[in-house]
Amino acid sequence: MSTFVVIGGDAAGMSAASKAKRDDPDLEVVVFEKGEWVSYGACGLPYYIKGEIQSLEDLVSVTPEEFRDERDIDLRTGHEVVEIDPEERTVTARSETERTMTQAYDHLLIATGAAATTPPIDGLDREGVYTLGSMTDGKELREYVARARSEEDLQQLASGPACQYLEHCRGPIGVVGGGYIGVEMAEALSANDFEVHLFQRGDRILKGFSEPTSEAVADHLADQDVSVSLEAEVQELAGGEAVEAVVTSDDRIPVEMVLVGTGVRPRTALAEDAGIELGETGAIATDRYSETSEPDVYAAGDCAEAEHVVTGESAFVPIALTANRRGRAIGRTVADQPTEGGGIAGTAAVKAFEIEAVRTGIIDHEAARNAGFDPVTNAIKSKSRAGYYPEGGTVTVTLTADRDSGRVLGGCLVSEYGEGAVYRSHALVGAVTEGVTVGELSNYDLAYAPPFNTTWDPVLTAAKVLEGKL
Ligand SMILES: Cc1cc2nc3c(=O)[nH]c(=O)nc-3n(C[C@H](O)[C@H](O)[C@H](O)COP(=O)(O)OP(=O)(O)OC[C@H]3O[C@@H](n4cnc5c(N)ncnc54)[C@H](O)[C@@H]3O)c2cc1C
């Protein structure tokens, strides 16, 4: 019997473990997870902190007991793998009780994910400074919100009007970083009546999205009373034992809590120590089958690179579907059905209060030029539903294509929440992935009915207009 060992028990790891065991029930599948949670949806944490999801357990899709009892997977939670020995084909793991064990493998998957990064500034270790990268972080943040609410509610019960009648009566709170976690957390905290200040060091939030999209989301945050400071490089989180202020080059904003959401870095230490090659992005280099530089050692998810469908280059895009999809493909491969993991388009969506935004492909002109394209971008605004239909809003579509070939390189959509920016992007993802031209995209036979779109869906209109411009 051969043994498939997996390091990391979340999206990539458990997808691979489950698929391998399903396709080859004779395979011994051993998973090491250093924490207590497996198969959890970290993507749901902002909504748990906000209070829309009541328990952390609700974020778990398959429990450890189900993996063990129903799927016959040898899942060892509370076990951190501390060494991989590719020569001997073994991993060494340490349990919470400090017991060390060695496990032999025939196939190995490194699915260790990514860790939240913080900028090199003073004060990160002060009380009241949080990051959001794990279930434990999510639990602490929810407890913070609950504490603030209950203390205040108690005070107000004794002495004054209840907080629910006052807007933004809690905080203030600083959110450092205007990526999707910063934006989602700004909503989660503001919805709990905290006064929120978001600090972004560049000239716009959601840097990976198009400019019109970033502007629409920033304007909407401002409408919701989130104070957005652009070009605000945070220099220090000042205070005593606890954080008291966010200090930028030209401001000092008092705060009682700070959430730092400044990106993630792939967890690669184990792989590096084992002599496994990293790619230029700093994540683990892999081939189309997600195999690393060591035979029979695979890597997938937030710790690994994958091939970009537009540039053909290795890219690092830490996002959930890639982890699940590539994990599943590895499961098939180790069960003797070699399966490619598929490329990535860098598709990502975000909701902020009553607005939704999505991006896919290559939008940034410098990145497009580096990949050998001559990018042209155009943005259009279109109604989300037929003009005569009683409801509806506006969808802004930004589309980028190559001047010579007309190939669709990427795009962004933004609309009111529920007006379909994200669902409409699926056609665009198809076009980007298949390498079609804007002319071909404008001829896609998309569904139409008045409650959903205009006869020419906004994506089709954007393609037509950009084709004309090219
Ligand atoms: C707040 C938040 C919101 C997000 N929102 C979205 C979203 O809306 N859409 C989206 O697509 N993606 C989102 N993501 C990203 C998504 O959660 C990740 O892409 C996905 O979880 C990656 O899965 P993974 O299996 O590669 O890594 P992870 O989920 O990070 O899992 C890795 C696991 O490996 C374990 N591990 C690490 N080292 C070891 C070791 N040495 N030994 C044993 N175990 C180890 C870790 O404890 C962890 O459980 C979000 C992430 C966060 C934090």
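This passage describes a small part of a predicted model, namely one of its sheets, its largest cavity and the surroundings of its ligand.

The sheet considered here is open and consists of three strands, which follow one another in the order β13-β14-β15 and pair in the antiparallel sense. The two edge positions are taken by β13, which covers residues 234-239, and by β15, which covers residues 251-254; each of these has a single partner strand, so one side of each remains without a neighbour in the sheet. From one strand to the next, the twist averages 25°.

The pairing between β13 and β14 can be followed residue by residue. Strand β14 comprises residues 243-248, and five bridges join it to β13 in the antiparallel sense. The two strands form a hairpin, in which three residues lie between β13 and β14. Within this pair of strands, G239 is placed opposite V243 of β14, while E236 is placed opposite V247 of β14. As a general point for reading such a sheet, side chains in a regular strand alternate between the two faces of the sheet.

A search for enclosed space gives a short result. When the whole structure is searched, one cavity of 30 Å³ or more is found, and the space inside the largest cavity amounts to about 50 Å³. The residues that line the largest cavity include A300, G301, A304, E305 and A306, and also among them are A315, F316, V317, P318, T322 and R326. When the lining of the largest cavity is sorted by class, seven residues are nonpolar, two are polar and two are charged.

The ligand is the last feature to be described. There are 30 residues around the ligand, and of these D10, E33, Y40, D302 and I319 come nearest. Both side-chain and backbone atoms of the protein take part in contacts with the ligand, as the following distances show. In the side chain of D10, an N or O atom is 2.4 Å from an oxygen atom of the ligand. For D302, by contrast, the atom concerned belongs to the backbone, where an N or O atom lies 2.8 Å from an oxygen atom of the ligand. A polar backbone atom is also involved in the case of A320, and the distance from this atom to an oxygen atom of the ligand is 2.9 Å.

Conventions: Residues are numbered from 1 along each chain as its sequence is written. This is a predicted model: local features need pLDDT of at least 70, side-chain atom pairs count only at pLDDT 80 or more; totals for chains, interfaces and linings use all residues. Side-chain values use heavy atoms; hydrogens and water are left out. Two strands pair if DSSP finds at least two bridges between them. Helices (H or I, at least four residues) and strands (E, at least two) are DSSP runs, numbered from the N terminus. Axes are lines fitted to C-alpha atoms, for helices over the stretch in contact, and angles run from 0 to 180 degrees between N-to-C directions. On a 1 Å grid over the protein atoms alone, a cavity is a set of points where a 1.4 Å probe fits but cannot get out, and a pocket is an open set with protein on both sides within 12 Å along at least five of seven lines; lining residues have an atom within 4 Å of a point. Grid points are joined across faces, edges and corners, and a volume is the space filled by probe spheres set on the points. Ala, Val, Leu, Ile, Met, Phe, Trp, Tyr, Cys and Pro count as nonpolar, Asp, Glu, Lys and Arg as charged, and the others, Gly among them, as polar. A residue is near a molecule or strand if one of its heavy atoms lies within 4 Å of it. A polar contact is a pair of N or O atoms within 3.5 Å; within protein, one must be able to donate a hydrogen and the other to accept it, and residues adjacent in sequence count only if both atoms are side-chain atoms.
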